[in-house]
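Me: I've got a model open here and would like to talk through what surrounds the ligand. Can we take it one question at a time?

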Amino acid sequence: TLTLLYKLNKLSPSAFPLAPGATPKYNDKISLIRTDITKLKADAIVNAANESLLGGGGVDGAIHSAAGPHLKRECRTLDGCDTGDAKITDAYELPCKKVIHAVGPVYRPTKRQGMHTTLLSGCYTRSLDLAVESGCRSIAFSALSTGVYGYPSEEAAETAIAAVAGWLEEDEARAARLERVVFCSFLQKDERAYEKFIPMFFPPA
Ligand code: AR6
């Protein structure tokens, strides 16, 4: 299920504006897939949870119903989770090994954009930390905050991809512990947003 659907190196290098510091060094680790994340056999999948960690609608509802009731039982022991942070559990009846529950920010256009960005970025970097600390070699992210929480697709995709790129660049030894980072979208608008921003941060060689 984790075939590299997105072949960065086949794209034309000149077609995209580059983010500062962009490098193709980690391109082979990055995948884009549009599917139901509950079907993925990644070591870890990342749920778009809320601060209670007790389930909800959207991808959270899909993950809890596919994992079975033991997931909620474990989540009850975690004492919730702050926005911008994440917690890890077992995956029970899901085909993945671990579920990382990240709490993205609710998008409020009146608030300063910087705060949203920091909180959403934090979800991605904390999830990556938890994945490597737990020995996961692959991680698939749902498009955190882009559903009920109202985040615009492009802004969310740019923040997600920048956070992953920054995390990989920050520590080479740590980056080597992850083989694959999958951006799993569900709706076409989110997939398009990833298609636009991935080559800016992971430029075709
Ligand atoms: N697989 C992959 N992605 C999915 C799936 C699925 N099965 N179902 C939906 N998506 P949302 P949020 C996408 O609303 O905005 C919950 O009630 C969806 O298209 O699930 O972070 C929680 O409990 C969208 O791109 O999460 C919280 O209360 C993305 O998943 C609240 O919603 C996230 O949409 C969190 O809101």
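Me: How far is the ligand nitrogen from the polar backbone atom of Ile-37?
Reply: Keep in mind that this is a predicted model. A polar contact needs N or O atoms within 3.5 Å. The Ile-37 backbone supplies a polar atom, and its distance from a nitrogen atom of the ligand is 3.0 Å.

Me: And which residue puts a polar side-chain atom 2.9 Å from a ligand nitrogen?
Reply: Here the protein atom belongs to a side chain, and its partner is a nitrogen atom of the ligand. The residue is Asp-36.

Me: How much of the ligand does the protein bury?
Reply: On its own, the ligand would expose 700 Å². With the protein around it, the buried part of that is 91%.

Me: Which helix gives the most to the shell around the ligand?
Reply: The shell holds 21 residues, with Gly-57 and Asp-60 among the closest. Four residues of the shell come from one helix, spanning residues 58-67. That top contributor is helix H1.

Me: Switching to aromatics, why does the pair Tyr-124 and Phe-141 count as stacked, tilted or edge-to-face?
Reply: The whole structure has four aromatic pairs. In this one the ring centres are 4.6 Å apart and the planes meet at 40 degrees. Stacked needs under 30 degrees and edge-to-face over 60, so the pair of Tyr-124 and Phe-141 is tilted.

Technical notes:
Residues are numbered from 1 along each chain as its sequence is written. This is a predicted model: local features need pLDDT of at least 70, side-chain atom pairs count only at pLDDT 80 or more; totals for chains, interfaces and linings use all residues. Side-chain values use heavy atoms; hydrogens and water are left out. A residue is near a molecule or strand if one of its heavy atoms lies within 4 Å of it. A polar contact is a pair of N or O atoms within 3.5 Å; within protein, one must be able to donate a hydrogen and the other to accept it, and residues adjacent in sequence count only if both atoms are side-chain atoms. Accessible areas come from the Shrake-Rupley method with a 1.4 Å probe; for residues, only the protein chains shown count as cover. Helices (H or I, at least four residues) and strands (E, at least two) are DSSP runs, numbered from the N terminus. Rings of Phe, Tyr and Trp (its six-membered ring) pair if their centres lie within 6.5 Å; planes under 30 degrees apart count as stacked, over 60 as edge-to-face and the rest as tilted.
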